[in-house]
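Open the model in your viewer and keep the selection tool at hand. The stops below go one selection at a time.

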Amino acid sequence: MPPLRAALRTAPAALALAGLAAALTGCAGADADVPPGRTAVVASFYPMAWLAEEVGGGDVHVRTLTRPGTEPHDLELTARQVANVQDADYAVYVRGVQPAVDDAVRKHAKGRSLDAASLVPKLPPPGETDDEEAHDGVRHREASYDPHIWLDPSRMATVATALGERLAAADPARAAGYRTRARATAQALNGLDREFQDGLRSCARREIVTAHAAFGYLADRYRLRQIAVAGVDPAGEPAPKRLAELTRLVSSTGATTVFTETLASSKVAGSLAREAGVRTAVLDPAEGVADGASGDYLTIMRENLRTLRPALECS
């Protein structure tokens with residue numbers, strides 16, 4: 001036990017002092033709700049939390065830094081959340097998605113963390129697309145690559161295997177369970193990859209017009225071409241000149257669908273679809289789920305496949 005903590009325990013005013021420390025730091029008792037005997041894992045946002053829960057099973061307690069139903073890119077951490085990162089046995093994140101998380105891990109969990117993006121081949125950063133203004137809404141200043149790796153199930157399978165090994169090393173007594181669940185998770189993800197390969201093998205079109213440049217890895221894996229509409233505020237109407245430019249871009253591809261998202265406004269995409277005379281459909285970037293929503297990462301991705309097939313006229 002650290003000397004200061006021992007002193008507080010034995011001092012006559014221990015409880016009062018501990019309460020004052022908690023009020024001043026905002027981080028006392030950060031791990032108080034972790035069940036005894038479980039490994040505390042902090043995950044940056046939904047895809048990493050799902051992976052940690054699948055691989056960790058009942059041996060871990062997973063805390064997600066991004067609340068359900070919220071857009072993850074602009075996350076700012078509270079003092080308590082930073083303390084959760086510091087106190088966790090392990091942290092799982094994707095560097096480049098959430099600068100606040102990157103900073104907290106670098107300062108407080110550098111030797112107890114897994115950056116999923118470090119494990120897989122990466123693509124150039126989103127933004128340099130056919131539409132020069134297209135970008136992810138948030139410029140990923142800390143990454144020289146596109147960080148949306150979780151939208152390729154085959155890459156996720158690689159991360160699952162590595163996470164099993166990392167948790168096994170961090171908690172050797174339960175290493176066999178972590179490795180077994182990691183293999184099962186990787187098999188499920190590789191099966192999902194085969195479903196996408198088969199479902200998108202023969203399609204009349206291969207261009208997907210997306211609300212923002214989140215789908216580069218999905219496009220790369222399944223030989224699609226992403227055209228991102230981001231760069232325009234999703235909450236407002238684009239200027240007439242900009243709308244005309246985007247309309248011409250959509251028409252030139254022969255696209256029948258503009259894809260909107262679950263956690264962002266569909267206003268711009270809706271305006272574009274009306275001007276181009278095409279429909280809209282939801283393509284979920286799997287960045288988060290609504291509180292109380294049913295289904296998981298696999299469900300979301302299979303629904304994306306069901307959405308893509310008719311839009312691209314796949315046989």
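Begin with the link of Cys203 and Cys314, which is right-handed, with 100 degrees about the S-S bond. The pair joins distant parts of the chain, 111 residues apart. Cys203 lies in the loop between helix H7 (175-199) and strand S5 (207-210), and Cys314 in the segment after helix H11 (297-311). The model is predicted.

Show the two sulfur atoms: they are 2.0 Å apart. A search of the whole structure finds 1 disulfide.

Are the two cysteines buried or exposed? Cys203 has a relative accessible area of 17% and Cys314 one of 14%. Both values count as buried because the cut-off is under 20%.

Next, select helix H9, residues 240-253. Its 14 residues, at 1.5 Å a residue, should span 20 Å. The end C-alpha atoms are 20 Å apart, so the expected span and the model agree.

Within H9, colour Arg242, Leu243, Leu246, Thr247, Leu249, Val250 and Thr253, which are buried. Around the axis they cover an arc of only 160 degrees, so they sit on the same side of H9.

Now turn to the face of H9 directed away from that buried side. Exposed residues Pro240, Lys241, Arg248 and Ser252 are found there.

To see what covers the buried residues of H9, add S5, strand S6 (225-228), strand S7 (257-260) and helix H10 (267-276), which are among the covering elements. S5 is also the strand that follows the loop holding Cys203.

Last, select Gly254, which follows H9. Its phi is positive, near 75 degrees.

Key:
Residues numbered from 1 in each chain as written. Predicted model: local features only at pLDDT ≥ 70, side-chain atom pairs only at ≥ 80, totals over all residues. Heavy atoms only, no water. Disulfide = S-S within 2.5 Å. Helix = DSSP H or I, 4+ residues; strand = E, 2+ residues; numbered from the N terminus. Buried < 20%, exposed > 50% of the residue type's maximum accessible area, 1.4 Å probe, protein only. Expected span 1.5 Å × (residues − 1). Arc of directions from axis to C-beta. Contact = heavy atoms within 4.5 Å.
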